[in-house]
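Got the viewer open? Let's take a short walk through a few spots, one selection at a time.

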Amino acid sequence: MNRLLLVFFFIIPSLCFSQREAANWYFGSNAGLDFNSGEPVPLFDGALNTIEGCESISTPEGNLLFYTEGRSVWNRFHELMPNGENLLGSFSSTQSALVIPQPGVNNIYYIFTADVTRAYQAGGNGNGFNYSIVDMNADGGRGDVIEKNSNLLPQGSEKVTGVRSADGENIWVVTQFKNKFYAFFVDDAGLNPTPVITTIGPNIDNFENIRGGIKSSPNGNKLAIAHSLFLPSFSGILGLYDFDNETGVVSNEQILGSDLVFYGVEFSANSSKLYASGKEVDATTNTTTDINILQFDLLAPDVVGSRYKIADIPNPFLSDLAGTLQIAIDKKIYHSIPNSHLSVIRTPNLTGLDSDFRPFSIELGDRSTKFGLPPFIQSFFESIVDIEFYCFGDATAFTVSADDPVTGVNWNFGDPASGAANTSSLINPTHVFSSTGVFTVTFDVTFATRAPQTFIEFVEIGDIPSVNSGVSLTQCDIDGVNDGLALFNLEQAIPLLLDDPDGFTANFFRTSTDAINNENPLVELGYINESDGQIIYARIFENALCFAIAPVRLFVTPMAYAGDIVLAACNRSDNPDFEFEIDLSDLEAALLETYPGTEIHFFETRDDALFELNELIDIVHFTIFDEIELYYRVESSNDCVAIGRILPDVRESPQTEDEEIFVCPDDTEIVLSPGDFFAYSWSTGETTASITVSGPGEYSVSVFNGIGCDGVINYDVIALPAPEEVLIRVLDFQDSNQIVVEVTNPEVFGFSVDDGPVQANHVLNNVAAGLRLVHVWSEGCLVYSEEVFVGGAPNYFTPNGDGYHDLWHLLNPTEFRDATIYIYDRYGKMLKVLRFFDAGWDGSYRGSPLPSSDYWYRIELTDGRVARGHFSLIRR
């Protein structure tokens with residue numbers, strides 16, 4: 001058959017798998033994990049940002065070589081490799097890339113890139129199944145992509161996996177498309193581009209349905225495949241097949257499920273269990289809902305019937321993908337969906353509940369994951385040993401159970417403190433570890449029919465949990481029915497059972513027998529007790545096989561919903577126009593007045609308060625568009641006392657200034673009002689929003705908008721004094737009469753005439769003729785008034801009968817009721833006598849019109865005052 005023959009100078013007789021090739025992971029949004037210590041340690045140096053697909057490869061010693069998301073390749077210094085861009089994988093492909101070291105050659109690596117649905121959308125023809133080659137001797141040992149995007153299949157799916165062949169030296173790379181499996185063989189001569197093709201399984205011929213993963217079992221005997229079917233409606237297929245790792249032939253199809261939108265698949269290290277992730281489907285709306293993670297026991301007589309749901313995760317995001325499952329060199333299986341943590345199956349070789357699924361328990365530092373994890377060659381994770389007895393002090397037993405005959409094993413238990421007992425050449429030894437912790441057990445195995453191989457097992461030795469006795473949970477009954485029943489979060493018992501609960505978990509059971517057998521677990525979140533004082537049983541463990549059992553009693557505080565309470569809350573935000581920031585210690589102090597000697601905890605929702613989830617700490621933020629409410633939980637010695645809702649009355653920090661208030665001399669009701677605050681405390685003892693005082697004096701008020709959000713306003717109420725001396729001068733019988741008010745410091749007073757406006761100028765202009773009341777004001781108070789006489793008459797009149805200025809009289813004559821007006825010609829001859837009630841002089845004398853000329857008037861008042869002036873008669 002045809003081969004791609006590659007010849008290099010560095011030849012090694014066989015491929016040695018030590019499993020640390022998969023020690024470094026890069027995935028998600030610049031996230032990473034280092035497994036070299038046997039425990040995942042976050043990495044922060046990754047350049048990769050991907051939604052799904054990713055891959056990385058390390059040396060057999062666990063040193064990073066390079067990583068990719070199927071499009072770009074970064075070296076161990078997190079730099080793009082030369083020619084390392086525009087590979088035909090995709091960040092949105094389930095398994096975008098798989099890296100295969102070329103057997104027998106220590107510097108050549110194949111990057112196989114899978115197809116992707118989006119390459120077929122909008123009329124595309126797909127990327128196909130391709131490979132590129134990296135030479136790690138190039139670029140000064142940093143690596144170089146020396147061949148890129150060589151096509152193997154013109155169209156493909158998002159699926160690729162790799163596994164060791166039967167000879168233990170070479171590699172099968174397997175992909176699937178439509179109803180065919182393609183197995184490509186890689187050996188020391190290179191890649192054989194002609195695949196072994198097996199036609200089997202459902203024909204997936206819609207490119208919208210090529211999502212989902214494929215995995216080989218670590219021992220190379222099985223293949224599992226997940227078909228995520230999006231059209232014509234959401235569904236899925238989970239298939240299990242036999243794989244002949246000598247010939248590459250796939251056979252013996254078993255459909256394990258079609259009720260979920262299956263996505264991720266993974267085998268346990270000993271190949272005895274299969275795990276699959278999938279999303280439930282609401283057939284009514286054709287939408288996906290919760291994520292399920294299922295376990296199948298491949299050693300059971302009825303594999304389909306062995307199905308066990310180890311996790312049911314509420315759908316937290318808008319996506320129809322259930323997340324990748326990926327085994328690591330610590331032999332734990334990790335699950336990834338968008339989050340700042342990974343979930344983990346800690347003991348996946350074990351059945352059912354013993355597999356120990358822990359949601360979102362693996363921290364990624366300040367990075368986040370998406371849907372994908374690096375797939376690796378599955379043989380990196382093969383486990384051929386059964387390990388029993390993980391408790392400290394036990395003789396931990398190692399039993400080799402390989403499919404191929406074993407001729408010898410050399411063990412190193414990674415426990416130098418145990419002295420000579422740290423090594424063994426027995427095939428099935430035991431070892432008593434010298435302390436608790438994670439030990440790196442390395443063993444070199446020689447086989448009768450395949451190449452020797454080095455295996456690593458990370459063995460976690462723990463103490464049998466030392467549990468506290470007399471543990472009880474007291475929950476609040478908030479449904480308004482006094483029946484002694486409540487909803488419990490049983491996980492709240494764990495920190496009470498253990499003085500140091502870090503790393504431990506527990507399952508809960510109705511009976512001690514169920515706890516011993518680890519079967520029929522109770523619902524932990526939302527368990528309803530059967531009676532007040534019921535006893536349940538906790539099975540506490542760090543390693544699922546090293547556990548203790550303890551009783552837990554459940555009590556109920558009846559009728560414990562406290563309802564709503566309005567509390568003042570000071571807005572401490574620097575941007576108060578758009579958000580509210582509340583210091584919870586303010587609310588705590590207010591509640592402690594009602595519940596002295598207790599502990600107060602705050603939550604966003606009532607369910608969170610009931611189950612003690614997502615506790616709010618220190619500061620909470622709301623936008624101006626949010627509904628502002630909080631829930632509180634009152635506890636005494638860990639017993640629930642009450643749960644209630646706070647409706648915060650959020651107010652700004654008081655902006656206070658002292659005030660001087662000037663009052664009129666005759667004011668006896670003076671209102672002091674500082675504005676809108678939550679509470680008030682006046683120096684007079686009153687607590688109202690405003691007070692009325694009867695006279696001048698000093699007053700103060702403490703205003704309160706929440707604890708730590710208050711202020712004081714001081715009031716100085718001052719009676720305004722009258723001016724010391726007032727002299728009023730009238731400048732009248734002018735075109736614009738004036739009144740001049742002479743006072744000391746006129747700038748502090750205001751002035752007005754009659755009911756006219758108050759002005760700052762002490763000269764009052766355009767004053768109408770007549771008796772006028774002149775006012776002096778101070779700070780809005782009338783402090784002085786005096787009546788004065790202002791005289792005035794027109795300067796001319798035109799008695800021509802046109803209706804305008806036909807008569808002459810004093811201006812505003814009705815203001816001069818006691819006045820007599822005498823009119824004279826220029827020679828002193830009296831022509832007319834007028835009183836205020838007369839219409840005026842028409843410019844005639846004894847019925848004859850007088851000529852245009854100047855005429856004179858004399859005004860006599862009863863008080864003896866006399867005013868004189870002249871005017872013009874104009875004939876036109």
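**Stop one: a loop residue**

Start by selecting Ile464, which sits in the loop that links strand S33 (453-461) to strand S34 (472-476). This is a predicted model, so keep that in mind as you go.

Is Ile464 buried or exposed? Ile464 counts as exposed because its relative accessible area is 51%, and the cut-off for exposed is over 50%. Now show what surrounds it: setting aside neighbours within four places in sequence, Ile464 touches Cys391, Cys546, Phe547 and Ala548. For a sense of distance, add His335 to your selection. His335 is 129 residues away from Ile464 along the chain, and their C-alpha atoms are 28 Å apart.

**Stop two: a greasy patch**

Next, pick Phe625, in the loop between strand S43 (619-623) and strand S44 (630-636). Phe625 is exposed, at 75% relative accessible area. Add Phe578 and Ile624 to the selection: with Phe625 they make up a nonpolar surface patch, and the three together have about 380 Å² of accessible area.

**Stop three: a buried charge**

Finally, jump to helix H3 (residues 512-517) and select Asp514. Which side chain of opposite charge is nearest to this buried residue? That is Arg510, 6.9 Å away, and Asp514 has no salt bridge. Look at Asn520 instead: its side chain and that of Asp514 make a polar contact at 3.4 Å. Beyond the neighbours within four places in sequence, the contacts of Asp514 are Phe509, Glu519 and that same Asn520.

Technical notes: Residues are numbered from 1 along each chain as its sequence is written. This is a predicted model: local features need pLDDT of at least 70, side-chain atom pairs count only at pLDDT 80 or more; totals for chains, interfaces and linings use all residues. Side-chain values use heavy atoms; hydrogens and water are left out. Patches are made of residues with over 30% relative accessible area and no salt bridge: like charges are joined within 9 Å, nonpolar side chains (Val, Leu, Ile, Met, Phe, Trp, Tyr) within 5 Å. Accessible areas come from the Shrake-Rupley method with a 1.4 Å probe; for residues, only the protein chains shown count as cover. A salt bridge is a side-chain nitrogen of Lys or Arg within 4 Å of a carboxyl oxygen of Asp or Glu. Helices (H or I, at least four residues) and strands (E, at least two) are DSSP runs, numbered from the N terminus. Buried means under 20% relative accessible area, exposed over 50%, partly exposed in between (1.4 Å probe, protein chains only). Contact means heavy atoms within 4.5 Å. Lys and Arg count as positive and Asp and Glu as negative; His and the chain ends are not counted. A polar contact is a pair of N or O atoms within 3.5 Å; within protein, one must be able to donate a hydrogen and the other to accept it, and residues adjacent in sequence count only if both atoms are side-chain atoms.
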